Amino acid sequence: MGPIAFVISLPIRAYRTVFSPWVGFNCRYQPTCSAYAMEALEKHGAFKGSYLAARRIGRCHPFGKSGYDPVPDNDKKQPPC
């Protein structure tokens, strides 16, 4: 995780430590939105990871879907061997 992604992850870490135990486990998706955001930042960096996390939070509402929704794989192509 780069330095910008680390700074962006600080509020997420604070939420998971302080507020998440009080709110309870009512997330519609698996993994939870905060775990998804952390994984997206680790896999994709600050900008694309933030975009993916914001898009996921936008889908998390009473009329949305639910279930297993993993972070997409990094779509960078590997050089041929």
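In the predicted model, Val23 is a residue of helix α1. Its relative accessibility is 48%, and Val23 is therefore classed as partly exposed. Val23 lies ten residues from Arg13 along the chain, and the C-alpha atoms of these two residues are separated by 15 Å. Helix α1 itself covers residues 3-23.

The chain as a whole contains two helices and two strands. Along the sequence these elements follow the pattern α-β-α-β. The C-alpha trace spans about 50 × 30 × 20 Å along its principal axes. Of the 81 residues in the chain, 26% are buried. Among contacts in the chain with a separation of 6 or more, 70% are between residues 24 or more positions apart.

The two helices were examined as a pair. The axes of α1 and α2 come within 9 Å of each other and cross at roughly 160 degrees. Angles over 145 degrees count as roughly antiparallel, and α1 and α2 are therefore roughly antiparallel to each other. The crossing in which α1 passes α2 is right-handed. On the α1 side, the residues that meet α2 are Ile4, Ala5, Ile8, Ser9, Ile12, Arg13, Tyr15 and Arg16. On the α2 side, the residues are Ser34, Ala35, Ala37, Met38, Leu41, Gly45, Ala46 and Ser50. By class, this contact of α1 with α2 has ten nonpolar residues, four polar residues and two charged residues.

The largest nonpolar core has seven residues in all: Ala5, Ile12, Ala37, Met38, Leu41, Ala46 and Ala53. Two or more residues of this core come from each of α1 and α2. The element that gives the most to the core is α2, with five residues. In soluble globular proteins, nonpolar side chains tend to be buried together. Ala46, one of the core residues, touches Ile4, Ala5, Ile8 and Leu41 when residues up to four places away in sequence are not counted. Ala46 also serves as a reference point for Val7: the two are 39 residues apart along the chain, with a C-alpha separation of 8.9 Å. Val7 is placed in helix α1. With a relative accessible area of 51%, Val7 is exposed, because the exposed class begins over 50%.

Outside the helices, a cis peptide bond was found between Gln30 and Pro31, with omega at about 0 degrees. Pro31 is located in the loop that lies between β1 (29-30) and α2 (33-59). Pro31 and Gln30 are also among the residues touched by Arg56. Arg56 belongs to helix α2. Its relative accessibility is 0%, so Arg56 counts as buried. Leaving out residues up to four places away in sequence, the contacts of Arg56 are Tyr29, Gln30, Pro31, Thr32, Cys33, Tyr36 and Asp69.

Two further residues of α2 were considered. Arg55 has its place in this helix. At a relative accessibility of 40%, Arg55 is counted as partly exposed, whereas Arg56 is buried at 0%. Arg55 and Ala37 are 18 residues apart along the chain, and their C-alpha atoms are separated by 10.0 Å. Ala37 is one of the residues of the largest nonpolar core and is also among the α2 residues that meet α1.

Gly58 likewise has its place in helix α2. The relative accessible area of Gly58 is 52%, and Gly58 is therefore exposed. Gly58 is 53 residues from Ala5 in sequence, and the C-alpha to C-alpha distance between the two is 20 Å. Ala5 is itself a member of the largest nonpolar core and is among the α1 residues that meet α2.

Note on methods
Residues numbered from 1 in each chain as written. Predicted model: local features only at pLDDT ≥ 70, side-chain atom pairs only at ≥ 80, totals over all residues. Heavy atoms only, no water. Helix = DSSP H or I, 4+ residues; strand = E, 2+ residues; numbered from the N terminus. Core = buried A, V, L, I, M, F, W, Y, C linked by side-chain atoms within 4.5 Å. Buried < 20%, exposed > 50% of the residue type's maximum accessible area, 1.4 Å probe, protein only. Contact = heavy atoms within 4.5 Å. Axes fitted to C-alpha atoms, helices over the stretch in contact; angles between N-to-C directions. Parallel < 35°, antiparallel > 145°, perpendicular 65-115°, else oblique. Left-handed = near helix turned anticlockwise from the far one by under 90°. Nonpolar A, V, L, I, M, F, W, Y, C, P; charged D, E, K, R; others polar.
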